[in-house]
Structure formats: structure tokens, C-alpha cells
Amino acid sequence: MATQELRRRRRTWIGEAWDSNVGKKVIVAVTGLVLVGYVVLHMIGNLTTLLGADGGDHGGAQVDDYGHWLREFGTPLLPYSFILWVIRVALLGALIVHIVGVYQLTMRSRAARPAGFPAKRIGRSWAARTMRLSGPLLLVFIIFHILQFTLLTVDVTPLKEGEIYSNLYGAFHKWYFVVIYIAALASLAYHLRHGVWSLFQTLGLDSSSRNATLRHGATALAAVVAIGFALVPLGFATGILPEPVTGPNAPTEVSK
């Protein structure tokens, strides 16, 4: 008993929160908020692709300059790409905590349900019922996206380190990559809409007087994010975005 009491006292408030359903929901909501913030910022960064194939400092696309700025941020005080990798690790941690938390909450909900008792579906939206499907699909897509445009291993089309515009141009002139990304964005929109609305509820921000506004806001955010991301593949697929311009300081092709 003394040992158990000592362990209990040594527990941090985060550990205690993680063990409780309410605390776990709050942690899931906070990590979800971090991921939503990243998705919005990532979309804004992607939109620099729409500025075209030239206009950058090195004669190439401005989105290439944006990618270089992300890697150079913090230098010379910190190593090249250090801050970018810190952000990536933090996002990976938030994603793992988010997924594990959702999974454990789902398992607890199932365990608390009497045997043979069907899950309650009354009042649940279609998006809410498909969260358990859209989540894993998005995880698979995230892995694919990282392999293709971060690690440059999905080399169906030519890939060059640092030439973001050229990599996107080659990929999105393949119809199947366009279909994959648009389908993923549709799944993201459904997941984001319900996730943001659930976040408001978990953090106690909802009320009868503003629920309609919060729902509309979640829907608008999901739509803006999905459309913002979709503009890039559709711009390349339709020919609106021109061919890439190789600048004088363009990096060499990555060896495979």
C-alpha cells in the first residue's frame, strides 16, 4: 500500500489527466488543435505555388524560395534545417498522442457498453460516424505524402531536392496522383469539420447561443483548407500553372 501511495504521489498531472476520460479528451483536443494549426499554415505555404514558375530569388519558383527559407530558418545560430526538424518531430509527437488517445477512448467506450448493446447513432452526423474511417485513411495518406514530397522516394516522376515546384508539376501531370490527393482532401474536409466542432465541445466553448456559429465556422474552415490545397494539383492538371523554370542555382537531381 505504501509503495502504491508513493507512486500515486509521484504521478504528474499530465499522467493523471491521461488516465481519465475527460483529461484524455482534452489532450486529444489540444493535440488536434496543434495539427489543425499546422494544416492551415501548410496550406498557406502551399499557395505560394500559385505565384508561378518564376519570380524567386534564384530565377525559379517562389515556392522553392519558401521551402529554402524553412530550412534556413535559425541559421547561422542553429544548423541548417534544425528548426524544421524540431517542428516535424513535435508534429509527429502530437500526431501519435492524438491517434493513441482517440484509439484508447474508442476502446474504453466499447468496453463500457453492455454486451450485445448496439452503438448509439441517434443525433450523430455522417461525418461523425465516418471519423474512425477517415482518420486511418488520412494517416495512410500522410505517410504517402511524406514519402513522395519529403523523402522523395515515390519517384514515378523526376524528383529534385529543393525544387518543390518542379516536383509538384511532374506529379500532378499524372492523373492518378491528382485523384489520390483530391480524394484525400475530401476525407480531410470531413475529418476536419467534425474534429474542429468536437474540439469546441471538449474545451467547453460550445453553448446553445453560439453552436450554430461554431458549426458553420468548422464547416467553413474545412472547406477553405480543402479548396486551398486542391488549387495546386488542379492548377497543374488543368495547365493553368506553367512549366517549371530551372534557375542558375537549382539543385542537382537526387540519386536513387
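Start with the whole protein chain shown as a surface: about 15,800 Å² is exposed, and carbon and sulfur atoms supply 67% of that. Accessible areas here come from the Shrake-Rupley method with a 1.4 Å probe, and for residues only the protein chains shown count as cover. You're looking at a predicted model, where local features need pLDDT of at least 70 and side-chain atom pairs count only at pLDDT 80 or more, while totals for chains, interfaces and linings use all residues. Residues are numbered from 1 along each chain as its sequence is written, and side-chain values use heavy atoms, with hydrogens and water left out.

Now colour by pLDDT, the predictor's confidence in each residue, from 0 to 100. The chain's mean is 85, and 84% of its residues reach 70 or more. Select residues 247-256: pLDDT stays under 50 there, and the model has 23 contacts beyond four places in sequence for this stretch. (Contact means heavy atoms within 4.5 Å.) Where pLDDT is low, the predicted coordinates should not be read in detail.

Switch to cartoon view. You'll find 10 helices and zero strands; these are DSSP runs, with helices being H or I of at least four residues and strands E of at least two, numbered from the N terminus.

Next, select helix H8, residues 164-171. Is it mostly covered or mostly open? Covered: seven of its eight residues are buried, where buried means under 20% relative accessible area, exposed over 50%, and partly exposed in between (1.4 Å probe, protein chains only). Click through Tyr165, Ser166, Asn167, Leu168, Tyr169, Gly170 and Ala171 to see the buried ones. Then show what covers them, including helix H4 (62-72), H7, H9 and helix H10 (211-237).

Stay with H9, which spans residues 175-202, and pick Ser187. Ser187 is buried, with a relative accessible area of 13%. Which residues does Ser187 touch, leaving out those up to four places away in sequence? Ser134, Leu137 and Leu138.

Time for some rings. Show Phe141, Phe144, Phe149, Phe172, Trp175, Tyr176, Phe177 and Tyr181 as sticks, and you have one aromatic cluster. Rings of Phe, Tyr and Trp (its six-membered ring) pair if their centres lie within 6.5 Å; planes under 30 degrees apart count as stacked, over 60 as edge-to-face and the rest as tilted. By this rule the count comes to 12 aromatic pairs. Zoom in on Phe144 and Tyr181: their ring centres are 6.3 Å apart and their planes sit at 55 degrees, so the pair is tilted. Phe144 belongs to helix H7 and Tyr181 to helix H9, so the pair ties together parts 37 residues apart in sequence. Tyr181 is buried too, at a relative accessible area of 7%.

Back to the surface. Select Ile99, Leu139, Ile142, Ile143, Ile146, Leu147 and Leu151, a nonpolar patch with about 520 Å² of accessible area together. Patches are made of residues with over 30% relative accessible area and no salt bridge, joining like charges within 9 Å and nonpolar side chains (Val, Leu, Ile, Met, Phe, Trp, Tyr) within 5 Å. (A salt bridge is a side-chain nitrogen of Lys or Arg within 4 Å of a carboxyl oxygen of Asp or Glu.) Helix H7, residues 131-150, gives the most to the patch, with five residues. Ile99 sits in helix H5, residues 82-112, and is partly exposed at 35% relative accessible area.

Last stop: Val100, also in helix H5. Val100 counts as partly exposed, at 34% relative accessibility. Draw a line from its C-alpha to that of Val28: the two are 72 residues apart in sequence and 8.8 Å apart in space.
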